[in-house]
Amino acid sequence: MMRFFLFIVSFFVFGICQAQDAILVFHKTEGFHHESIEAGRAFFQQLGKDNNFEVVTSEDASIFNKKELKAFKLVVFLNTTGNILNRKQEKAFEKFIAKGGSFLGVHSAADTEYDWEWYGQLVGAYFVSHPQVCEAEIQLKKSSHKTVEHLPEVWRRTDEWYNYKFVNPDIEVLLNLDETTYEGGENGKYHPVAWYQELENNNVAIYTGGGHTQEAYQESHFKTHLLQCVLWGLSRNK
C-alpha cells in the first residue's frame, strides 16, 4: 500500500515539474509574411500536447516584458521578419537570455532585427539572399548531437535556402549546405544551415534554416529535428 502511495506521489510531482516547461512561439512580421506560419504554429502546439510542455503562440510583442517572459524556458522566433521589438522589449528579451532562457530561431528568424547587434550574435547570422525553393543536399556535421542524430549523413530535401552574412564565429555547425547540389548558393563550402551556441547559464541558442514551406511541417525528418531542438532548449535531451 505504501509503495503504491509513493508511486502516486512521485507521478503527481513529476507531472507538475514537467507541466512547468513552457515555450513561447513568437511569429510577428514587419517584412515578408510566410504563409507557412500557421502550419508552424499548429505543429508546435501539437508538439506541446505530445511531449507535455505548454505552448503559447503570439504575434503581440507586448509579451516581451520581465513578468510574462519569466513563465517560459524557451522562446521560438517562428518565421519572424523585420524590426519586431521596441527597445524596451529588446531589453526584456536580453534579460530573459541572461537569466538562463533559451532561444530557437526558425528560417526567417535570420531576417529579423538587423539593427540589433545583440540579436545578430544570438541568432548567429543574417539573411542576405536566396534562390527559388529547390532541392539540395545537406551535410551532417555533428552526427552525435541530439538535434540531428536521427538524420542521414547526406540529407536531401526541398526548402528555400538562405545565403547568410555576418556569421557568428562562435556557432557550432550542425548542418551544412552543399552548394554544388543546387543553384544560387553564395556562401561557398562553408554554408551552415543549422547551428547552435551554448550560452553562459547552461542555456542555448539554436537556429535552423528550414521551414519556409508549409510542407516542411509535415516532413518526418524536419519535424523530428524541430522537436529535438525544442527538447534540447528545454534541457530534456542533453
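This is a short tour of the structure, with suggestions on what to select at each stop.

The model is predicted, so local features need pLDDT of at least 70 and side-chain atom pairs count only at pLDDT 80 or more, while totals for chains, interfaces and linings use all residues. Residues are numbered from 1 along each chain as its sequence is written, and side-chain values use heavy atoms, with hydrogens and water left out.

**Stop 1: helix H4**

Select residues 87–98, which form helix H4. Helices here are DSSP runs of H or I with at least four residues, strands are E runs of at least two, and both are numbered from the N terminus. The expected span is 1.5 Å times one less than the number of residues. The 12 residues of H4 should therefore span 16 Å, and the end C-alpha atoms are indeed 16 Å apart.

Now add Asn-86, which caps the N-terminal end of H4, with a side-chain oxygen 3.1 Å from the backbone nitrogen of Lys-88. After the helix comes Gly-100, whose phi is positive, near 110°.

Next, colour Gln-89, Glu-90, Ala-92, Phe-93, Glu-94, Phe-96 and Ile-97: these are the buried residues of H4. (Buried means under 20% relative accessible area, exposed over 50%, and partly exposed in between, with a 1.4 Å probe and protein chains only.) What do they pack against? Show helix H3 (66–69), strand E3 (74–78), strand E4 (102–106) and helix H5 (117–123) to see their partners. Contact means heavy atoms within 4.5 Å.

**Stop 2: Gln-228**

Move on to helix H6 (residues 220–233) and pick out Gln-228. Is Gln-228 buried or exposed? Its relative accessibility is 17%, so Gln-228 counts as buried. Leaving aside residues up to four places away in sequence, Gln-228 touches Lys-146, Thr-147 and Asn-237.

**Stop 3: Tyr-190**

Select the loop between strand E9 (172–178) and strand E10 (192–198), where Tyr-190 is found. Tyr-190 counts as partly exposed because its relative accessibility is 46%. Try a C-alpha to C-alpha distance to Asn-176: the two residues are 14 apart in sequence and 7.0 Å apart in space. Asn-176 is also touched by Tyr-190, as are Val-167, Ile-171 and Val-173, not counting residues up to four places away in sequence.

**Stop 4: helix H4 again**

To finish, return to H4 and view Asn-86 at its N-terminal end together with Gly-100, which follows the helix.

Key:
Polar contact = N/O pair within 3.5 Å; in protein donor to acceptor, adjacent residues only side chain to side chain.
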